[in-house]
Amino acid sequence: MTSLPHLTYIAAEQKSAEVTDWAARIGWLVGLALFIALVYWLMREGWKWRGTLQGDLPELPAVPDDPGPARLSMSGRYHGSTTAGQWLDRIVAHGLGTRSRVELTLTDAGLDVVRPGAADFFVPVSQLREARLDKGIAGKVLTEGGLLVVTWEHGDKLLDSGFRSDVAAEHTEWVETLNHMINKTEGAR
């Protein structure tokens, strides 16, 4: 059996737990929040700088008054535009770098790109150069053939724009129809 003086000694040896140093914790949290804010600000400035560098890109074409009847239409996602052949060189001028929902309509006049919440644009059939299935564009990588990429000329640049349909089986028909229209247009020139 333990003696009473021994229990008094054990009780005297025990200390209470350390009190949390709230000032240091709050200081670290504020420092971390400022660092994250700085990183986001630098990313935003980089985005704006890229847009400034691409300032020579002309305004996007508007939809003609009578584009004609729709040959194909598709709902899906717009994943961005890049310099043709350089899938990581995103084009941000005129809102082309903004990902969004998309309603694509192909007519005899060209490709109508309607993007809720972002700038709509139109690609005349004479500016279309190629359509293909690919797996990635500007930071978006999908399975092989999961992305419809349309190459088109804007000003003196060739651009690749990436689209993904809500129904992926539509991609093949789009590629075939677009390439047929492009070949027919090139043959007429």
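In this predicted model, the side chains of R129 and E153 meet in a salt bridge, with 2.4 Å from N to O. The pair links distant parts of the chain, since R129 belongs to strand β6 (residues 128–134) and E153 to strand β9 (residues 147–154), 24 residues apart. Neither partner is described as buried: R129 counts as partly exposed at 24% relative accessibility, and E153 is partly exposed as well, with a relative accessible area of 27%. Elsewhere, salt bridges that share partners join E130, R132, D134 and D160 into one network.

The count of salt bridges comes to 8, and two further pairs can be followed in detail. D108 forms a salt bridge with R71, in which the closest N and O atoms are 3.2 Å apart. Because D108 lies in the loop between β3 and β4 (110–114) while R71 lies in strand β1 (residues 70–83), this pair ties together parts that are 37 residues apart in sequence. D108 is partly exposed at 49% relative accessibility, and R71 is partly exposed with a relative accessible area of 37%.

R101 forms a salt bridge with D166, the closest N and O atoms being 2.9 Å apart. Here R101 sits in strand β3 and D166 in the loop between β10 (157–165) and α3 (170–188), so the pair ties together parts that are 65 residues apart in sequence. R101 has a relative accessible area of 36% and is partly exposed, and D166, at 48% relative accessibility, counts as partly exposed too.

R90, in strand β2, presents another situation, for this residue is buried yet has no salt bridge, and the nearest side chain of opposite charge, D89, is 8.8 Å away. A polar atom of the R90 side chain does, however, lie 3.1 Å from the backbone oxygen of G97. Leaving aside residues up to four places away in sequence, R90 touches W47, R50, Q54, H79, G80, S81, T82, G97, R99 and A138.

The loop between β2 (90–91) and β3 (100–107) contains H94, which has a positive phi of about 60 degrees although it is not a glycine. H94 is partly exposed, with a relative accessible area of 27%.

Turning to the surface, a nonpolar patch of about 930 Å² is made by L32, F35, I36, L38, V39, Y40, W41, L42 and M43. M43, one of these residues, has its place in helix α2 (residues 22–53), and at 52% relative accessibility M43 counts as exposed.

Technical notes. Residues are numbered from 1 along each chain as its sequence is written. This is a predicted model: local features need pLDDT of at least 70, side-chain atom pairs count only at pLDDT 80 or more; totals for chains, interfaces and linings use all residues. Side-chain values use heavy atoms; hydrogens and water are left out. Helices (H or I, at least four residues) and strands (E, at least two) are DSSP runs, numbered from the N terminus. Buried means under 20% relative accessible area, exposed over 50%, partly exposed in between (1.4 Å probe, protein chains only). Patches are made of residues with over 30% relative accessible area and no salt bridge: like charges are joined within 9 Å, nonpolar side chains (Val, Leu, Ile, Met, Phe, Trp, Tyr) within 5 Å. Accessible areas come from the Shrake-Rupley method with a 1.4 Å probe; for residues, only the protein chains shown count as cover. A salt bridge is a side-chain nitrogen of Lys or Arg within 4 Å of a carboxyl oxygen of Asp or Glu. Lys and Arg count as positive and Asp and Glu as negative; His and the chain ends are not counted. A polar contact is a pair of N or O atoms within 3.5 Å; within protein, one must be able to donate a hydrogen and the other to accept it, and residues adjacent in sequence count only if both atoms are side-chain atoms. Contact means heavy atoms within 4.5 Å.
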